[in-house]
Amino acid sequence: MIQALLFAAAVATTPAPAAAPTFKIEHPSTKYPGEEEIADYAHAPANAGTTPFEGDGMWKAFHEKAGVDRVVDELVDRSLADPRISDIFKSHDMVRLRRTLKEQFCYLLNGGCDYSGRDMKTVHKDMGLQNTDFNALVEHLQVAMDHEKIGFRDQNRFLAKLAPMQRQAVER
Amino acid sequence: MRKICAALLGAGMVLCAQAAQAQTEMREGGKLLLTEGVSNIEGAGGGGIATWALITGYETRDGIGANVHATGIQLKDYQFRAYGAAVGIRDRVELSYAHQEFDTQGTGVKLGLGRDFTFSQDVYGAKVKLLGDAVYDQDSWVPQVSVGAQYKRASQSGVLSFLGAKDNSGVDWFVAASKVFLNESLVLNGAVRETKANQTGLLGFGGPGNDNYHTEFEGSAALLLTKRFAAGVEYRTKPNNLGLKEDDWKDVFVAYALNKHLSVTAAYVDLGEIATFRNQRGGYLSLQAGF
Ligand code: HEM
């Protein structure tokens, strides 16, 4: 098995970082009233960090838009209430974060959304995030998914999509 | 509270679990439960008898996690006991210690060693993660790979040399690869070990006319069934230096994480023939407390 794994290691390719087709420039401050002004940026689906699932299985497993909205809201609420990581979110625009996270989850779960946010590397840059922070966030996501009664295997399939974003979000 | 937990480990598991659960709901869960493995019989992070590439302990804020464990196996003719401690440093280095006792119980009389004659050994281990991350790197096949060494020193050197063992101490070297396949909720591990150890070292190292290293294999597969519950199988090959028909070891196990700090592993093990007594099967129970 070791040999199989090592062989796999040799042939595995890490997906190229978003050399994405840039569709248009997003002007968030004019488009989303209620959100703070931020600099314009290139809008591209690849900003979501990875490709969506195929089919509608995962979208249904998350109870579609209503379910995803509940999961994201609880994820953000729990993160804001967690003394380990709440400081990181202070002074950031939580209205925008909730909206873009809902878009991102919907996009990844193949719910037919457009992800209008920035890419994962840019947005988490200079936050000094550590694995502990990442794991804390995952922990809250797991609880939120539990409360939404999403099956454990489907939770893990979704986490499999998010886990590699650790390399983009966490700066060692 | 966690200190109490550790102290209670042998006896008061349930009590301890309740106390830990009362801590804070929020911190519960953490890094995927159980994906850090439990302590195996040699004290290293792994399953029950197999070694994983994962570094033991849930990473903490300052990056150091530690745990203690106690394990008992009641076989048909013998009893095996082990306890130990391990630290994981920055998810990179693991240092471990385990003390193992192999109690011949009534069988000691038949072996001419006397009732309850007990072989024992101390195992000092070090493991270093070389590459990969078993959990985060879900977009590639690259496993987490670690290398390690274990210095083992057995007691009863008189009996061991009478049995034909060349030495009562030895060093094992291993390379381990582990991968959590989140998409499949599956954990796979494989390790290659260079060893001279007889019955992992309890019966000494090397044999008559045979003091060479042997290449042995350890593998395990576990299904993550819920956030707290995993079940799997393990297999471990061993050298046969003493001419005592030493068999491969295998087991089926379930592991349950009561919370981030406490887990229990139960297994049905088959250790084959040991010192001429065949079919050494039985129940395995291990408790681990991390802090
Ligand atoms: C898989 C892991 C993660 C994903 C998928 C994710 C996703 C996102 C998304 C979609 C945005 C908004 C992008 C935009 O405004 O254009 C964002 C922003 C943010 N994220 Fe994350 N994130 C992850 C990990 C984390 C972690 C671990 C933390 C901290 C504990 C964190 C803290 C923040 C903060 C504070 C913002 C606001 C940034 C700003 O307004 O400039 N994120 N994240």
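Select helix H4 (residues 64-81) and helix H8 of chain A, which pack at an angle of about 135° with their axes 9 Å apart; helices here are DSSP runs of H or I with at least four residues, numbered from the N terminus, and the axes are lines fitted to C-alpha atoms over the stretch in contact, with angles running from 0 to 180 degrees between N-to-C directions. H4(A) and H8(A) are therefore oblique to each other, since angles under 35 degrees count as roughly parallel, over 145 as roughly antiparallel, 65 to 115 as roughly perpendicular and the rest as oblique. This is a predicted model, in which local features need pLDDT of at least 70 and side-chain atom pairs count only at pLDDT 80 or more, while totals for chains, interfaces and linings use all residues. Residues are numbered from 1 along each chain as its sequence is written, chains are lettered from A and ligands numbered from 1 in the order in which they are written, and side-chain values use heavy atoms, with hydrogens and water left out.

Now show the side chains between these two helices, where Val71(A), Glu74(A), Leu75(A), Arg78(A) and Ser79(A) of H4(A) meet residues of H8(A) that include Leu137(A), His140(A) and Leu141(A), contact meaning heavy atoms within 4.5 Å. The residues of this contact divide into 7 nonpolar, 3 polar and 2 charged; Ala, Val, Leu, Ile, Met, Phe, Trp, Tyr, Cys and Pro count as nonpolar, Asp, Glu, Lys and Arg as charged, and the others, Gly among them, as polar.

Keep H4(A) selected and add H6(A), whose axis comes within 9 Å of that of H4(A) and crosses it at roughly 135°. H4(A) and H6(A) are therefore oblique to each other. Their contact involves, among others, Val68(A), Val72(A) and Val76(A) of H4(A) with Leu97(A), Leu101(A) and Phe105(A) of H6(A), and by class it has 11 nonpolar, no polar and 5 charged residues.

Return to H8 (residues 131-147) and add helix H9 (residues 152-162) of chain A, whose axes come within 11 Å and cross at roughly 150°. That angle makes H8(A) roughly antiparallel to H9(A). Among the residues to display here are Phe134(A), Val138(A) and Leu141(A) in H8(A), and Phe158(A), Leu159(A) and Leu162(A) in H9(A); the contact as a whole divides into 7 nonpolar, 2 polar and 1 charged.

Finally, select the ligand: which residues come nearest to it? Of the 21 residues around the ligand, His92(A), Arg96(A), Thr100(A), Arg118(A) and His124(A) come nearest, a residue being near if one of its heavy atoms lies within 4 Å. An oxygen atom of the ligand is 2.7 Å from a polar backbone atom of Arg118(A), and a nitrogen atom of the ligand is 2.8 Å from an N or O atom in the side chain of His124(A). A polar side-chain atom of His92(A) lies 3.4 Å from an oxygen atom of the ligand. Helices H5 (86-89), H6 (94-108), H7 (120-124) and H8 of chain A are the elements that give two or more residues to this shell, and the largest share, 5 residues, comes from H6(A). The shell divides into 13 nonpolar, 5 polar and 3 charged residues.

Definitions and conventions:
Polar contact = N/O pair within 3.5 Å; in protein donor to acceptor, adjacent residues only side chain to side chain.
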